[in-house]
Amino acid sequence: MATATLASREIPPQRAPEPAVDTNPQMEITYTGNTGNDMGISTMGYRAAKYNPSEWHEGNYSKYYQSFVDRDSAERIRHESKRTRNETEELEHSTQAQVTKKLAERCKDIDFWKSELEREIRDVIDETDLLLAQKKRLENALRATEVPLHIATDNLNCRQRRQGLDLVQDDVEISLLKEVEIINNVRDLLQNTIAQTEKQIRLNRDSKQNLEFDWSDKKESLELDTTCGVMRNHHTNKQFHDGAAKFEEIQSTPESWAQFTHDNIARAEHERMASIQLRTLVDNVLEDTSRDMREQCDTVDVNFQKRLMEMEDAKSKLEENLKKVCVEIASQERNIDDLKAAIRAKEDAMKKAQTRLYLRTNRPGVELCRDPAQYALVGEVNELCQSIDALKNQLNQSENSLKDLQDNRMSLEKEISNKKNSIFIDRDKCMTVRTRYPSTLRLQGYQ
């Protein structure tokens, strides 16, 4: 007998009572009445087409019991279904709550790294802007070196037009050559630093681009996970997606995911630190180059001043000597005139003495005597000849001296002219142009 399990505590159906013992074990019914068979064929031994009462009761019981069993099974299934529904619903709610919590945690992690990326991107942008400003300073400083280079080159070219003895490789020229060398070295250094700065700017922008790509992915992922986190069962923006519940081969792990962003940020920080060091280097380069150029400029100016003082002093001394030489030339010219007058005067005396001797040669006979007067006249003539020779010798020396003085005067005048030309070149050409030498701020790229 089945045990009752229905909620109604329904008792299973009971079997019908057993009928009395039948004398016909074959369950055959013997008909004694008119069988309606006119042919007189006996029905003994043949089963009728109808059920007997026992079969009828058993059949009914089977139906009752089967109904009971089916209802019992159905009730158990209903209870099991309800329990399963409750369990699955509870499991569903619990799982969805856990999944929503995991999604919220994931969104929090994504938002954290997204914020870190945003911070690093801002830092890289700010650093790149500062480095661009330093690059602008370098370019300004490089352009500013064109004026000093032109000034120094122009000074050297102008001083090539010095003449005579003034065309000397003095301290000014040596310092100007050194200034040109320093400026060229500064230009090379600035150009190399600009190239290094441009390379670092490209590296900064590449790291910024990587960060922005990662940030964009994080933003899209955050939006998707946020949408997933707020999605509920009653929402309409859902549908079946066959094959969605599987792991992709290219999916990353949480560790590799976090490490990827960490590496991007670390690389960006590395480039940012390199950029900061480069900016410090740029400051030092601009400060050192401007200081070297200004110091050399001051050295050149000092040498110019000293050279101008030397040339002014030399010019003054030359003018003083020229003045003395001119005075001496005038004196020598007067001396020559006096010597010529003295020689002319001796000629008259010579004519007188020779005329006396000539006239005395006409004395007759014994009167042509070598008397003391003859000796005196001959002595006078000899003495006058010696005097004239001496005067002519002095005249010759005086004329040679005058020629030397005149040559010296011409040399002094030419040298004075050279000095004036050199002073004009150094003071009016070179020093005037050097007043346009850029200031320290301009050489450091601030202007």
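This is a short talk on how the helices pack in one protein model and on one buried aspartate between them.

The model is predicted, so please take every value as computed from its atoms. 

Overall composition comes first. The protein has six helices and zero strands. Along the sequence, that reads α-α-α-α-α-α. There are 447 residues, and 30% of them are buried. As for contacts, take those in the protein with a separation of 6 or more: 88% are accounted for by residues 24 or more positions apart.

Now to two helix pairs, both of which involve H4.

The first pair is H1 with H4. Helix H1 covers residues 53-144, and helix H4 covers residues 254-360. How do their axes cross? They come within 10 Å, and the crossing angle is roughly 20°. Angles under 35 degrees count as roughly parallel, and H1 and H4 are therefore roughly parallel to each other. The handedness of this crossing is left-handed. On the residue classes, the contact of H1 with H4 has 16 nonpolar residues, twelve charged and four polar.

The second pair is H3 with H4. Helix H3 runs over residues 171-230, and its axis comes within 9 Å of that of H4. Here the angle is roughly 165°. With the cut-off for roughly antiparallel set at over 145 degrees, H3 and H4 are therefore roughly antiparallel to each other. The crossing of H3 and H4 is left-handed. Sorted by class, the contact of H3 with H4 holds 23 nonpolar, 14 polar and nine charged residues.

That leaves a single residue to look at, Asp214, which lies in helix H3. Is Asp214 buried or exposed? Its relative accessibility is 3%. Buried means under 20%, so Asp214 counts as buried.

What does the side chain of Asp214 make a polar contact with? The partner is the side chain of Thr261, at 3.0 Å. Thr261 also appears in the wider contact list of Asp214. Setting aside neighbours within four places in sequence, that list is Leu117, Phe260, Thr261 and Asn264. By residue number, Leu117 falls in the range of H1, residues 53-144. Phe260, Thr261 and Asn264 fall in the range of H4, residues 254-360. Asp214 of H3 is thus in contact with residues from both of the other helices discussed here.

To recap the geometry: H4 is roughly parallel to H1 and roughly antiparallel to H3, and Asp214 in H3 has a side-chain polar contact with Thr261.

Terms used
Residues are numbered from 1 along each chain as its sequence is written. This is a predicted model: local features need pLDDT of at least 70, side-chain atom pairs count only at pLDDT 80 or more; totals for chains, interfaces and linings use all residues. Side-chain values use heavy atoms; hydrogens and water are left out. Axes are lines fitted to C-alpha atoms, for helices over the stretch in contact, and angles run from 0 to 180 degrees between N-to-C directions. Helices (H or I, at least four residues) and strands (E, at least two) are DSSP runs, numbered from the N terminus. Angles under 35 degrees count as roughly parallel, over 145 as roughly antiparallel, 65 to 115 as roughly perpendicular and the rest as oblique. A crossing is left-handed if the near helix is turned anticlockwise from the far one by less than a right angle, and right-handed if clockwise. Ala, Val, Leu, Ile, Met, Phe, Trp, Tyr, Cys and Pro count as nonpolar, Asp, Glu, Lys and Arg as charged, and the others, Gly among them, as polar. Buried means under 20% relative accessible area, exposed over 50%, partly exposed in between (1.4 Å probe, protein chains only). A polar contact is a pair of N or O atoms within 3.5 Å; within protein, one must be able to donate a hydrogen and the other to accept it, and residues adjacent in sequence count only if both atoms are side-chain atoms. Contact means heavy atoms within 4.5 Å.
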